[in-house]
Amino acid sequence: MVRIVISRASRLPAPAASIVLLLARLVLGGVLIAHGLQKASLGVEDTTQMFAGMGVPLPALSAAVVMGVELLGGAALLVGAATAAVGLVVAVTMVGAVVFVHPPTVVFVAEGGWELVGVIAAAALALAATGPGLWAVDTLWTQTRYSGPAHPTPEQPPPHQA
């Protein structure tokens with residue numbers, strides 16, 4: 001059995017980590033919304049034709065799904081709502097972009113490569129893994145559902161370990 005130990009020194013202190021997570025959510029959500037608005041400004045019909053021209057399967061459905069993920073997922077990330085689920089959905093959507101649009105053999109986006117969608121997927125996965133930080137709907141929702149101590153003491157275990 002391999003045991004991985006991560007020291008506290010390898011992490012940012014809580015207030016700084018929450019600021020960094022907020023900035024990451026704002027940047028990622030903003031980029032997703034910008035791309036969704038770009039597709040929406042073309043319209044569903046033109047976006048569908050664009051997807052068809054790139055060989056994306058089920059182009060009408062794919063266009064609607066991608067626009068929804070970018071617009072609604074971006075908005076959810078901005079406010080930190082359903083962060084884990086949205087992060088996973090965004091990452092899967094970006095994998096689809098690599099498979100169908102951005103060849104994995106080409107890195108740079110200027111050459112049609114995967115770097116932008118790769119970074120979006122990585123950031124989305126990182127947020128899914130770490131959570132949204134202190135200033136997020138997810139955190140507020142959790143705090144209102146569980147009003148116990150933020151860090152249970154050994155004498156006072158969390159409610160699910162009673």
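Leu 58 counts as exposed because its relative accessibility is 60%; here buried means under 20% relative accessible area, exposed over 50%, and partly exposed in between, with a 1.4 Å probe and protein chains only. You'll find Leu 58 in the loop between α2 (44-53) and α3 (59-79). Helices in this text are DSSP runs of H or I with at least four residues, numbered from the N terminus. The backbone at Leu 58 has a phi near 45°, a positive value in a residue other than glycine.

Before going on, a word about what you're looking at. This is a predicted model, in which local features need pLDDT of at least 70 and side-chain atom pairs count only at pLDDT 80 or more, while totals for chains, interfaces and linings use all residues. Residues are numbered from 1 along each chain as its sequence is written, and side-chain values use heavy atoms, with hydrogens and water left out.

Now move along to the loop between α3 and α4, where Ala 82 sits. Ala 82 also has a positive phi in a residue other than glycine, near 55°. With 41% relative accessibility, Ala 82 counts as partly exposed.

Next comes helix α4. Its 18 residues (83-100) should span 26 Å at 1.5 Å a residue, and the end C-alpha atoms are indeed 26 Å apart, which agrees; the expected span is 1.5 Å times one less than the number of residues. Among the buried residues of α4 are Val 86, Val 90, Met 94 and Ala 97. Looking down the axis, the buried residues fall within an arc of 165°, so they line one face of the helix; the arc is taken from the directions from the helix axis to the C-beta atoms. An α-helix has 3.6 residues a turn, so residues three or four places apart point the same way. On the face of α4 turned away from the buried side, you'll see the exposed residues Val 92 and Val 99.

Between α4 and α5 there's a loop that holds Pro 104. Pro 104 counts as exposed because its relative accessibility is 58%. Leaving aside residues up to four places away in sequence, Pro 104 touches Val 98 and Trp 114, where contact means heavy atoms within 4.5 Å. Pro 104 and Trp 114 are 10 residues apart in sequence, and their C-alpha atoms are 6.2 Å apart in space.

What about helix α5? Its 16 residues (115-130) should span 22 Å at 1.5 Å a residue, and its end C-alpha atoms are 22 Å apart, which agrees. The buried residues of α5 include Val 117, Ile 120, Ala 124 and Leu 127. The buried residues cover an arc of only 130° around the axis, which puts them on the same side of α5. Their cover includes α1 (14-42), α3 and α4. Turned away from that buried side are the exposed residues Val 119, Ala 129 and Thr 130. Right after α5 comes Gly 131, with a positive phi near 90°.

Finally, which residues form the one salt bridge that the structure holds? Glu 70 pairs with Lys 39, and their closest N and O atoms are 3.1 Å apart; a salt bridge is a side-chain nitrogen of Lys or Arg within 4 Å of a carboxyl oxygen of Asp or Glu. The pair links distant parts of the chain, with Glu 70 in helix α3 and Lys 39 in helix α1, 31 residues apart. Both Glu 70 and Lys 39 are buried.

Conventions. Helix = DSSP H or I, 4+ residues; strand = E, 2+ residues; numbered from the N terminus.
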